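I opened my notebook for a quiet session with one model and kept a record of what I looked up. Come and read along.

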There are 2 protein chains.
Amino acid sequence: MILSQTAEYALQATLFLAEVEEDRPYRVGEIAASMRVPQNYLSKVLHVLARAGILTSLRGPRGGFQLAIPAEELPLKEVVRQFHQFTGERRCLLGRERCGEGEGCAAHSRWESVALTVEAFFAETTVAQLSPGRKGPE
Amino acid sequence: MILSQTAEYALQATLFLAEVEEDRPYRVGEIAASMRVPQNYLSKVLHVLARAGILTSLRGPRGGFQLAIPAEELPLKEVVRQFHQFTGERRCLLGRERCGEGEGCAAHSRWESVALTVEAFFAETTVAQLSPGRKGPE
DNA sequence: ACAATTAATCATTTAAAGATGATTAAATCC
DNA sequence: GGATTTAATCATCTTTAAATGATTAATTGT
């Protein structure tokens, strides 16, 4: 697994809100039921996303959560970042500060490029691109 | 983080044994001290590697652990696999069985290729390639 | 045989992720 | 204003990863 359970919940819920047809807030209950995940846990996850400005939340009747950013402008990384420490800083697969005493090794630069590929995916892929079932132009 | 702490320990210890100059068993104590990780915990990790045939273990005085496979012929994946479930089977980043109801989406195939890149790195990179400081021919 | 050394095992603890249940506070509707 | 609906918060529990400490069993050297 590359993503934690929590980060996966966050992505799935964001995706749900991106794919939804009516333009209104959706309750945690609705989202959790559709995703088949614990409601209270999801509630906390969504709260984090709301605090981060990715969702808007509204209390009371007709309340719920909505995307605060158009799905086309929302990179996966923005969502995942709230729950997942990206490797970014980590030069070395093994977490060593100095790798090979200055010279470095072939495998390390290869790894760096792999890690960058992963990060680039999350940075450059938008939520919209992950939603095949959406209406509206691509 | 892409690897669990435990998988990282396993890789580091294997690397230690690959880079070592004397051809003799090395004690858990030595390895743990060099890596600065808990000895008893590492002991269990090494035990798993020994059971998997990656290391040989010897008890008693002059005992310890040694590589059972030449570092040049030992892919990182072989080591990591003992502690890390590779995503392999997972078609979908979000863990959904059916992705997009048959059609799939651009992002999913992109993700699949990213995941394959990661796996390929571990499958094709050998422990030897990760050891810049080793003697012997590349 | 015996003492010393070392991996292997066992029992327990700690820390973090994940999940559950109940309560509180904001917003709406009447 | 009062009842209802909903997110937010609080307290607790479970599970898993990580770590610790002590004991056991195999091997060696004398």
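Here are my entries, in the order I made them.

**Entry 1: what I am looking at**

I began by reminding myself that this is a predicted model. I then went through chain A and listed 5 helices and 2 strands. Read along the sequence, these elements of chain A run α-α-α-β-β-α-α. I looked up burial next: of the 138 residues in chain A, 30% are buried. I also checked how far apart in sequence the contacts reach. For contacts in chain A between residues at least 6 apart in sequence, 66% link residues at least 24 apart.

**Entry 2: around DNA strand D**

Which residues are the closest to DNA strand D? I found 26 residues surrounding this strand, and the closest are A:Ser57, B:Gln5, B:Thr6, B:Pro38 and B:Gly60. I then asked which elements supply them. In chain A, α2 (28-35), α3 (39-51) and β2 (64-67) each give at least two residues to the surface near DNA strand D, as do α1 (5-19) and α3 (39-51) of chain B. The largest share, 6 residues, belongs to α3(A). By class I noted 8 nonpolar, 13 polar and 5 charged residues on the surface near DNA strand D.

**Entry 3: around DNA strand C**

I repeated the search for DNA strand C. Here 26 residues surround the strand, with A:Gln5, A:Pro38, A:Asn40, A:Gly60 and B:Ser57 the closest. At least two residues each come from α1 (5-19) and α3 of chain A, and from α2 (28-35), α3 and β2 (64-67) of chain B. Which element gives the most to the surface near DNA strand C? My answer is α3(B), with 6 residues. The classes near DNA strand C are 8 nonpolar, 13 polar and 5 charged.

**Entry 4: helix α2 of chain A**

I wanted to see how α2(A) sits in its chain. Its buried residues are A:Val28, A:Ile31 and A:Ala32. Looking down the axis of α2(A), I see these buried residues within an arc of 95 degrees, so they line one face of the helix. I jotted a reminder beside this: an α-helix has 3.6 residues a turn, so residues three or four places apart point the same way. The buried residues of α2(A) pack against α1 and α3 of chain A. On the face turned away from that buried side I found the exposed residues A:Gly29 and A:Ala33. After α2(A) comes A:Arg36, and its phi is positive, near 60 degrees.

**Entry 5: helix α5 in both chains**

I started with α5 (residues 106-124) of chain A and tested its length. At 1.5 Å a residue its 19 residues should span 27 Å, and the end C-alpha atoms are 27 Å apart, so the two agree. Its buried residues are A:Ala107, A:His108, A:Trp111, A:Val114, A:Phe121 and A:Phe122. They fall within an arc of 140 degrees seen down the axis of α5(A), so they line one face. What do the buried residues of α5(A) pack against? I found α4 (76-80) of chain A together with α5 (106-124) of chain B. The face turned away carries the exposed residues A:Ser109, A:Ser113 and A:Ala120.

Then I turned to α5(B). Its buried residues are B:Ala107, B:His108, B:Trp111, B:Val114, B:Phe121 and B:Phe122. Down the axis of α5(B) they lie within an arc of 140 degrees, so they line one face of the helix. What covers them includes α5 of chain A and α4 of chain B. I noted B:Ser109, B:Ser113 and B:Ala120 as exposed residues on the face of α5(B) turned away from its buried side.

**Entry 6: two single residues in chain B**

I picked B:Ala71, in the loop between β2 and α4 (76-80) of chain B. Is B:Ala71 buried or partly exposed? It has 19 C-beta neighbours inside 10 Å and therefore counts as partly exposed, since being buried takes 20 or more. B:Ala71 and B:Val127 are 56 residues apart in sequence, yet their C-alpha atoms are 5.2 Å apart. Leaving out residues up to four places away in sequence, B:Ala71 touches B:Ala18, B:Thr126, B:Val127, B:Ala128 and B:Ser131.

My last stop was B:Thr56, in strand β1 (residues 55-58) of chain B. With 14 C-beta neighbours inside 10 Å, B:Thr56 counts as partly exposed. Beyond its neighbours within four places in sequence, B:Thr56 is in contact with B:Ala50, B:Gln66 and B:Ala68.

Notes
Residues are numbered from 1 along each chain as its sequence is written. Chains are lettered from A and ligands numbered from 1 in the order in which they are written. This is a predicted model: local features need pLDDT of at least 70, side-chain atom pairs count only at pLDDT 80 or more; totals for chains, interfaces and linings use all residues. A residue is near a molecule or strand if its C-beta atom, placed from the backbone, lies within 6 Å of it. Helices (H or I, at least four residues) and strands (E, at least two) are DSSP runs, numbered from the N terminus. Ala, Val, Leu, Ile, Met, Phe, Trp, Tyr, Cys and Pro count as nonpolar, Asp, Glu, Lys and Arg as charged, and the others, Gly among them, as polar. A residue is buried if 20 or more other C-beta atoms lie within 10 Å of its own, exposed if 12 or fewer, and partly exposed in between; C-beta atoms are placed from the backbone. The arc is that of the directions from the helix axis to the C-beta atoms. Two residues are in contact if their C-beta atoms, placed from the backbone, lie within 7 Å. The expected span of a helix is 1.5 Å times one less than its number of residues.
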